[in-house]
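Visitor: I like to know the reason behind each label on a model. Could you walk me through this one?

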Amino acid sequence: MSVKIRLQRHGKKGKPFYWIVAADARAKRDGKFLEKIGTYNPNTNPATIDLNLDSAVQWLHNGAQPTDTARAILSYKGALLKHHLDGGVRKGALTQEQADAKLATWLEEKTSKVDAKKDGLSKVQADAKAKALKAEQEVNAKRLAAAEEAAKAAEAVATEEAAAEEVAEEAPAVEENNEETQA
């Protein structure tokens, strides 16, 4: 029986969530599996991967063949490197302490790169939010200025109408006086 390390899809339509499993190569994609090794969530940025490193390496030692996507995930998390280093230990090229030290330094570098990416993404998001807030404040200031101008214009129109009414009231009174004198 050949074993594959592959992804098993879960989640709803448009929001995939995967289990990383060791399964018989003849089993269906979402069917029976031998062991769940981890999870993979591509919906987050960067993608969230939770992997049992020791279990994955054990399956690789036993001859399990990862699919292309699973190989990329195992490589990203360091399982393939650990498998490679364990091969060097078995051949006598390295001691176990040297292999563990190399793996630890690689994992530390990888973690720092991922943290730097997360920090960069959060900074970009914060900058975009600040820029949007500034643009909104400018629009609000323009809106207030326009409202004040409209209020001043309405006030000017009201004073002009009041002055016109006063003139209109005075003018008919003058006409009435003229009519009375003529009669």
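Guide: Gladly, and keep in mind that this is a predicted model. Let us begin with G63, which follows α1 and has a positive phi, near 105°.

Visitor: What makes the phi of G63 worth pointing out?

Guide: Most residues other than glycine have a negative phi. G63 has a positive one, near 105°.

Visitor: And what about the peptide bond that joins N45 and P46: cis or trans?

Guide: The bond between N45 and P46 is cis, with omega about -5°. Most peptide bonds are trans. P46 sits in the loop between β3 (35-41) and β4 (48-51).

Visitor: Back to α1, then. Why is S55 called buried?

Guide: S55, a residue of helix α1, has a relative accessible area of 7%. Buried means under 20%, so S55 counts as buried. Leaving aside residues up to four places away in sequence, S55 touches E35 and I37.

Visitor: Which other residues of α1 are buried?

Guide: Along with S55, the buried residues of α1 are L53, A56, V57, W59 and L60.

Visitor: How do you know that H84 is exposed?

Guide: H84 lies in helix α3. Its relative accessibility is 57%, and the cut-off for exposed is over 50%, so H84 counts as exposed. The C-alpha atoms of H84 and D115 are separated by 26 Å, with the two residues 31 apart along the chain.

Visitor: Why are α1 and α3 called oblique to each other?

Guide: The axes of α1 (residues 53-61) and α3 (residues 79-91) cross at roughly 55° and come within 9 Å. Angles under 35 degrees would count as roughly parallel, and 65 to 115 as roughly perpendicular. The angle of roughly 55° fits neither range, and therefore α1 and α3 are oblique. Their crossing is right-handed.

Visitor: Which residues make the contact between α1 and α3?

Guide: From α1 come L53, D54, A56, V57, L60 and H61, and from α3 come A79, L80, K82, H83, D86 and R90. By class, the residues of this contact divide into six nonpolar, two polar and four charged.

Visitor: Now the sheet. What makes β4 and β5 edge strands?

Guide: The sheet is open, with five strands in the order β4-β3-β2-β1-β5 and mixed pairing. β4 and β5 (65-66) each have a single partner strand, so one side of each is left without a neighbour in the sheet.

Visitor: How do you know that the pairing is mixed?

Guide: Strands of a sheet pair either parallel or antiparallel. Here β1 (residues 3-12) and β5 pair in the parallel sense over two bridges, and K4 stands opposite Q65 in β5. By contrast, β2 (residues 15-24) and β3 pair in the antiparallel sense over five bridges, with I20 opposite G38 in β3.

Visitor: How many bridges pair β1 with β5, and how many are needed to call them a pair?

Guide: There are two bridges between β1 and β5. Pairing needs at least two, so that requirement is met.

Visitor: In which sense do β3 and β4 pair?

Guide: β3 and β4 pair in the antiparallel sense over four bridges, and N41 stands opposite T48 in β4. The two strands form a hairpin with six residues between them.

Visitor: Finally, what makes β3 "mostly covered"?

Guide: Five of the seven residues of β3 are buried.

Notes: Residues are numbered from 1 along each chain as its sequence is written. This is a predicted model: local features need pLDDT of at least 70, side-chain atom pairs count only at pLDDT 80 or more; totals for chains, interfaces and linings use all residues. Side-chain values use heavy atoms; hydrogens and water are left out. Axes are lines fitted to C-alpha atoms, for helices over the stretch in contact, and angles run from 0 to 180 degrees between N-to-C directions. Angles under 35 degrees count as roughly parallel, over 145 as roughly antiparallel, 65 to 115 as roughly perpendicular and the rest as oblique. A crossing is left-handed if the near helix is turned anticlockwise from the far one by less than a right angle, and right-handed if clockwise. Contact means heavy atoms within 4.5 Å. Ala, Val, Leu, Ile, Met, Phe, Trp, Tyr, Cys and Pro count as nonpolar, Asp, Glu, Lys and Arg as charged, and the others, Gly among them, as polar. Buried means under 20% relative accessible area, exposed over 50%, partly exposed in between (1.4 Å probe, protein chains only).
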